[in-house]
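Me: Could you walk me through this structure with a few questions and answers? I would like the helices, the sheet and the cores.

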Amino acid sequence: MTVCLLLLSAVAVTAAVPVPRALTRAQWPEREPVVALWVWQCLVATVLLCCLTALVLGAAAVFHTVRAQVFAPAPPAVTEAYDLSAAPPWAAALTLLLACGAAWTTAMLARELVEARRRRGQTRAHLRERAPELPAGLPSARGPLLVLEDEYPDAWWMPGNPPQLIVTTGALHRLTSHQLDAVLAHERDHARAHHDWLLHLSTALATGFPRIPLFSHFCDQTHRLVELAADDTASRRCGHLTTALALIELNQHRGVLSCASSHRLLGERVDRLLEPPPRLGRRHRALTTAVAGLVPLLPLLIAFAPGLNALA
């Protein structure tokens, strides 16, 4: 029991502090933003699983009712292998701390989702008021594409069910057909990959635990990597130069992106599209993805190790 809690704490601290700082200094995430997003998600899952399994084991050691429920289907040898009756005194304090953290995390996630839904509803209502009346035969404002009367070129993606693409008349007049295709491909990739869920998760964790490096870096890197990943999708379909020119045309009048979280990325994104960095090899990419996917299994292996040894 004590060994399991110590190992889970060590894995959680390692995944939450030194690994994220090393990952932010690495160069390969710029070349493979999709793989980098997967790695960040695996690190977050590892920390959350460590905390959850430690909470379950600690609660089972402190509360007999929880112990009876958790180990009800297990043979007596498995229960004896965990030695829950000899739990250290600090197990109760750790369990209470983890329970408070779990409640706080749930509250932050719920708050983020409620606020996002409220803001989305207000924005949709405001956009529908600004949408011009389209000629008969064209898609209505309730379709997947919403056209706004605005002299400034702009286009963005509105999450929801279904997701909606918003394009201004300025963008329709200023962009060529190929550039407009690149912009729409970029925004559709956000919708297809459900990047809004990643952004909500990272924002909620960073807001709730601002002093934990993993969550703060996860929030910053997620906002950056989702844009790079969508740029890659658009450039594969429409070309690097076309996508870069579309970005420049959309932001020439203000010099920054319309999304506040991405305004510092414009120069980096354009340079990256004009001079694409070398990509990882297929084997290297597959190995990185596989290793990252195995990392969240560590908390489960640590938690189940005593029971597996008892059964063996």
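Reply: Happy to. The expected span of a helix is 1.5 Å times one less than its number of residues. Helices (H or I, at least four residues) and strands (E, at least two) are DSSP runs, numbered from the N terminus. This is a predicted model, where local features need pLDDT of at least 70, side-chain atom pairs count only at pLDDT 80 or more, and totals for chains, interfaces and linings use all residues. Residues are numbered from 1 along each chain as its sequence is written, and side-chain values use heavy atoms, with hydrogens and water left out.

Me: How far apart are the end C-alpha atoms of α10?
Reply: α10 has 14 residues, and at 1.5 Å a residue they should span 20 Å. The model agrees with that expectation, because the end C-alpha atoms of α10 are apart by 20 Å.

Me: What covers the buried residues of α10?
Reply: Buried means under 20% relative accessible area, exposed over 50% and partly exposed in between (1.4 Å probe, protein chains only). Among the buried residues of α10 are His195, Asp196, His200 and Gly208. Taking contact as heavy atoms within 4.5 Å, their cover includes α4, α7 (90-130), β2 (155-158), α9 (177-192) and α11.

Me: Which element gives the most to the largest nonpolar core?
Reply: A nonpolar core is a set of buried Ala, Val, Leu, Ile, Met, Phe, Trp, Tyr and Cys residues joined through side-chain atoms within 4.5 Å. In the largest one, of 24 residues, Trp28, Trp40, Leu214 and Phe215 touch the most other members. Two or more residues come from each of α1 (2-16), α4 (33-62), α10 (195-208) and α11 (213-238). With nine residues, the element that gives the most is α4.

Me: Which strands are at the edges of the open sheet?
Reply: Two strands pair if DSSP finds at least two bridges between them. The sheet has three strands in the order β1-β3-β2, with mixed pairing. Pairing on one side only marks the edge strands, β1 (145-148) and β2.

Me: Which residue in β3 stands opposite Met158?
Reply: β2 and β3 (residues 164-168) run antiparallel, joined by four bridges. Opposite Met158 stands Gln164.

Me: How far apart are the end C-alpha atoms of residues 286-308?
Reply: An unreviewed UniProt entry lists residues 38-63 and 286-308 under "transmembrane region"; UniProt positions use the numbering here, feature names are shortened, and annotations may be inferred rather than shown by experiment. In the model, residues 286-308 are 91% helix and 0% strand, and their end C-alpha atoms lie apart by 30 Å.
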